[in-house]
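Here are my notes on the model, set out as numbered points. Please keep the structure open while reading them.

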Amino acid sequence: MKKYMSLVLFAHSIFALPFAVIGFFLAVSTTAFHFEWKLFFLMLLCMVTARNAAMAFNRYLDRDVDALNPRTAIRDIPAGKISPSAALIFTVVNCVVFVLATYFINPMCLLLSPIALFVVLFYSYMKRISPLCHFVLGLGLGLAPVGAYLAVTGQFDLVPIWYGLAVLTWVSGFDIIYALQDEEFDRAHKLQSIPANFGAKRALRISEVLHLLSFIFVLLPSIFIEVGFFYYIGVAFYGALLIYQHRIVSATDLSRVDRAFMTTNGIASVVFACFYLLDVLSGHWMV
């Protein structure tokens, strides 16, 4: 199990999972539906299995490329820790569990489950096709708050879509920063990424625009739902951490990319979700 958790970088679940929790409690706090532990567990199971499938399939498909790249040659498949066939079986098992979990949630989630899996798995092919690969990754994670809202209500609404767009632009932006490390490698091996196609400076400008949009998207829900003081504190922290990661990374200094990618973004999503939940709870206390 430890090997498989390493294969899928389980700690990276911290990116989208807090937004899934936001989507779930958004539905509970703004509709007539009530909190259910069973439903909450099933939602988390869907999040974990979909991401496991996506990461394992990505590692399986990229195994030959990863072996050529000094930065990624230590990953589990090229390093011989997990066989390609085992990674593929792990992918299939997680896909099956994901679909089964949606069956026990509601018919809408079951109906949309193949589309969700297609999006998260198709990302693995995009780097061979288009520099828009960052946006496909962002879309896959951006399904988290929308899917969690659907798990509770079985219907779409505008506010969870704003959160989905916030995740899409946020993840796309920081994935561009992460891809700066492989700019020369990607260009030499004809792999598609925004840094490889536009260069580091332009890539960072694109990332900045995407993160500005993400900040706007987390602010927009306040127009459509009632929010309080804690929500705006969370938005402020989120924006500050987006700015911070652009302050510590430049086109000529990539030494702190890991801090910008994992630490800063992980904190941003968790802190924002915590303040969102505090805001929801404070509203109930006042009632």
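1. Helices α8 and α11 cross in a left-handed sense. In this predicted model, α8 covers residues 158–179 and α11 covers residues 200–219, and their axes are 8 Å apart at an angle of about 160°. Because angles over 145 degrees count as roughly antiparallel, α8 is roughly antiparallel to α11. On the α8 side the contact includes Trp162, Leu165, Trp170 and Phe174, and on the α11 side it includes Leu204, Leu210, His211 and Phe217. Small residues take part too, among them Ala166 and Gly173 of α8 and Ala203 and Ser207 of α11.

2. Helix α8 also packs against α7, which is made of residues 133–153; the two axes come within 7 Å and cross at roughly 150°. That makes α7 roughly antiparallel to α8. What is the handedness of the crossing of α7 and α8? The crossing of α7 and α8 is right-handed, whereas that of α8 and α11 is left-handed. The residues of α7 that meet α8 include His134, Phe135, Leu141, Pro145 and Tyr149. Their partners in α8 include Pro160, Tyr163, Val167, Leu168 and Asp175. Ser172 and Ile176 of α8 appear in the contact with α7 and also in the contact with α11.

3. Phe135 deserves a separate look. This residue sits in helix α7. Is Phe135 buried, partly exposed or exposed? Its relative accessibility is 26%, so Phe135 counts as partly exposed. Setting aside neighbours within four places in sequence, Phe135 contacts Leu168, Ser172, Ile194 and Leu210. The C-alpha atom of Phe135 is 16 Å from that of Ile115, with their positions 20 residues apart along the chain.

4. Helix α11 has a further partner, α13 (residues 229–247). The axes of α11 and α13 come within 10 Å and cross at roughly 175°. The two helices are therefore roughly antiparallel to each other. From α11 the contact involves, among others, Leu204, Glu208, His211 and Phe215. From α13 it involves, among others, Tyr231, Tyr232, Tyr238 and Gln245. Leu204 and His211 of α11 are listed here and in the contact with α8 as well.

5. Next, helix α2 and its proline. The 14 residues of α2 should span 20 Å at 1.5 Å a residue, and the end C-alpha atoms are 20 Å apart, which agrees. Of these 14 residues, 10 are buried, so α2 is largely enclosed by the rest of the structure. The buried residues include Phe19, Ile22, Gly23, Phe24 and Leu26. Pro18 belongs to α2, which runs over residues 17–30. Pro18 has a relative accessible area of 9%, so it is buried, as buried means under 20%. Pro18 and Cys274 are 256 residues apart along the chain, yet their C-alpha atoms are separated by 8.3 Å.

6. Helices α3 and α5 can be checked in the same manner. For α3, residues 37–61, the expected span of its 25 residues is 36 Å, and its end C-alpha atoms are 36 Å apart, which agrees. In α3, 18 of the 25 residues are buried, so this helix is largely enclosed by the rest of the structure. For α5, residues 84–103, the 20 residues should span 28 Å, and the end C-alpha atoms are 29 Å apart, which agrees. Buried residues of α5 include Ala86, Phe90, Asn94, Cys95 and Phe98.

7. Thr91 lies in α5. With a relative accessible area of 4%, Thr91 is buried. Which residues does Thr91 touch, not counting those up to four places away in sequence? They are Ala53, Ala56, Phe57 and Leu121.

8. The UniProt record, an unreviewed entry, places the feature "transmembrane region" at several spans, including 110–126 and 202–223. In the model, residues 110–126 are 100% helix and 0% strand, with end C-alpha atoms 25 Å apart. Residues 202–223 are 95% helix and 0% strand, and their end C-alpha atoms lie 33 Å apart.

9. The last point concerns a loop. Lys190 is found between α9 (183–188) and α10 (194–198). Its phi is near 60°, a positive value in a residue other than glycine. Most residues other than glycine have a negative phi. The relative accessibility of Lys190 is 69%, so this residue counts as exposed.

Definitions and conventions:
Residues numbered from 1 in each chain as written. Predicted model: local features only at pLDDT ≥ 70, side-chain atom pairs only at ≥ 80, totals over all residues. Heavy atoms only, no water. Helix = DSSP H or I, 4+ residues; strand = E, 2+ residues; numbered from the N terminus. Expected span 1.5 Å × (residues − 1). Buried < 20%, exposed > 50% of the residue type's maximum accessible area, 1.4 Å probe, protein only. UniProt positions renumbered as here; feature names shortened; annotations may be inferred. Axes fitted to C-alpha atoms, helices over the stretch in contact; angles between N-to-C directions. Parallel < 35°, antiparallel > 145°, perpendicular 65-115°, else oblique. Left-handed = near helix turned anticlockwise from the far one by under 90°. Contact = heavy atoms within 4.5 Å.
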